[in-house]
Amino acid sequence: MNVESQKGLKPGEARAPGPSTKDIILQDTNKAPDALVTENFTYNAREDIAYERYYDPAFFQKEVEQLWSKVWQWACRLEHIPEVGDNYVYDVGPYSILIVRHGEGPEDIKAYHNSCLHRGTQLKPSDSQSHSAKLRCPFHGWEWNLDGTVSEIPCRWDFPKVTDEEFKLPEVKVGFWGGFVFINMDPDSISLEEHLEVLPDHFSQFFPLDRRYIEVHLRRELPCNWKAAAEAFIEAYHVRETHNGADPVGNGCTNAQYDVFGDNVTRFVHTIGYPSPNWPNETAEDIANSMEERIKAAQANRETLGEKYDLDLSGYSDSEMLDSIEYFCFPNMFLFPGITLPMIYRFRPNGMDPDSSLFDLLFLRPLKEGEEHPEPPEVVRLGPEEVYATVPNMDPGLAIVYEQDTSNLEAQQRGFKAGAKRVQTLANYQESRVRQVHITLDKYVKD
Ligand code: FES
Ligand SMILES: [Fe+2]
């Protein structure tokens, strides 16, 4: 008999002792948005997850063909391509997508497969950003207008088969939300709106995503499968071990709240400034004082950041001023709606290597009233030996946290292949979001 059924609980009903995240947030000063005190959890039973899914080349190939070429995924921000002629290349697995602003309207943006219709050369380099009035192939100079129509084919007399109609650049679907540009290579996919599930409703209750600018953007190659990388950031169960000692003010990891809103969107809310029921370093007195301390810390952040961003933050909840509130939208987008912790993460396959992934980390800070988006900072590409603390504007405390977060990944990827036990054993509640990744993945990837 397992522990839950001994206590008369159904699977997924057990919770850490002590106050829940919702109990804490309801005691905060300033009412939190309804989205933040909503709970949405039903135990999502699934068979144990085979390690093979993280390294088997055949499974990876299926993900490439059946998932990444069929799903909505965020590619860039609108401020990456503000001027007509700006372009941005988003690579995922073997695919390369060229996103181009062709007009001045807010959504005059098209996306193309980044491959010349002559002999295949990429029109723009992988993972690049540039500006050009035409899209010209560097090999023989075939050239297209920004709207994808043919501009010039050198020695056209030698290509009687080429018609303007048939040699338009093939388009990839684009969608927009919250200042992000999304792409989908499948012309028959569901709409972006449907894919985003509760996100537009929830984020209408937080500081608007499109009124934020990119303060920091780094990219790092991680020595593990894209799912292992994403899943290391999707639960707070690892906090006590991986980040032990990193947070002196208390850290509500064990009583974090987990929500599964649909196939694609899940969330955790992990309080800061109020100790976890089993955090080992807190005394009873610390716990008794912690609510008061949490409220004070939130107020201090309101004042400091309000001054820094020239904004009135007096109405924002303590939770938005402190907590680690993390939404995930399958398959590649992590969003933090908070003011103090406003991160965006993206994890994606790195070429055709199942053992490697790309991690993008951005901080999206609030714009001042009426302020235009500044030019985004250049992406800092961190080599394997370089530390997060070297990235300009990186918070030193968070730099340590990211070192810790990514320090286990190579060992996990190796351990996937080394085990006698071939499946992972997931917590019913705290690792429900990991299970949801695989439940949704199974809807795309079929045998
Ligand atoms: S491959 Fe592009 S012009 Fe020849
Ligand atoms: Fe972490």
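Which loop is Asn393 found in? Select Asn393 and you land in the stretch between strand 19 (380-382) and helix 11 (396-407). Keep in mind as you click around that this is a predicted model.

**Stop 1: Asn393**

Look at the backbone here: phi of Asn393 is near 70°, a positive value in a residue that isn't glycine. Is Asn393 buried or exposed? Count the neighbours: 11 other C-beta atoms lie within 10 Å, and the cut-off for exposed is 12 or fewer, so Asn393 is exposed.

**Stop 2: helix 11**

Now carry on along the chain and select 396-407, which is helix 11. It has twelve residues, and from its first C-alpha to its last helix 11 reaches 17 Å, close to the 16 Å expected at 1.5 Å a residue.

Next, colour Tyr402, Asp405 and Thr406, the buried residues of helix 11. Turn the view until you are looking down the helix axis: these buried residues fall within an arc of 85°, so they line one face of helix 11. What covers them? Show strand 12 (212-222), helix 8 (239-242) and helix 12 (409-418), which are included in the cover over the buried residues of helix 11. Then swing round to the other side of helix 11, where Pro396, Gly397 and Ser407 are exposed.

**Stop 3: Asp310**

Jump back to Asp310, in the loop between helix 9 (284-309) and helix 10 (318-322). Here's another backbone to check: phi of Asp310 is near 55°, again positive in a residue other than glycine. Asp310 has 11 other C-beta atoms within 10 Å, so with 12 or fewer as the limit it counts as exposed.

**Stop 4: Phe330 and Pro331**

Select Phe330 and Pro331 together and zoom in on the peptide bond that runs from one to the other. That bond is cis, with omega near 5°. Where does Pro331 sit? You'll find Pro331 in the loop between strand 15 (324-329) and strand 16 (333-335).

**Stop 5: Glu104 and Pro82**

Last selection: Glu104, in the loop that links strand 4 (95-101) and strand 5 (109-113). Why does Glu104 count as exposed? Because it has just 9 other C-beta atoms within 10 Å, and 12 or fewer is enough for that label.

Before you leave, add Pro82 to the selection and draw a distance line between the two C-alpha atoms. Glu104 and Pro82 are 22 residues apart in sequence, and the line should read 8.4 Å.

Notes:
Residues numbered from 1 in each chain as written. Chains lettered and ligands numbered in written order. Predicted model: local features only at pLDDT ≥ 70, side-chain atom pairs only at ≥ 80, totals over all residues. Helix = DSSP H or I, 4+ residues; strand = E, 2+ residues; numbered from the N terminus. Buried ≥ 20, exposed ≤ 12 C-beta atoms within 10 Å, placed from the backbone. Expected span 1.5 Å × (residues − 1). Arc of directions from axis to C-beta. Contact = placed C-beta atoms within 7 Å.
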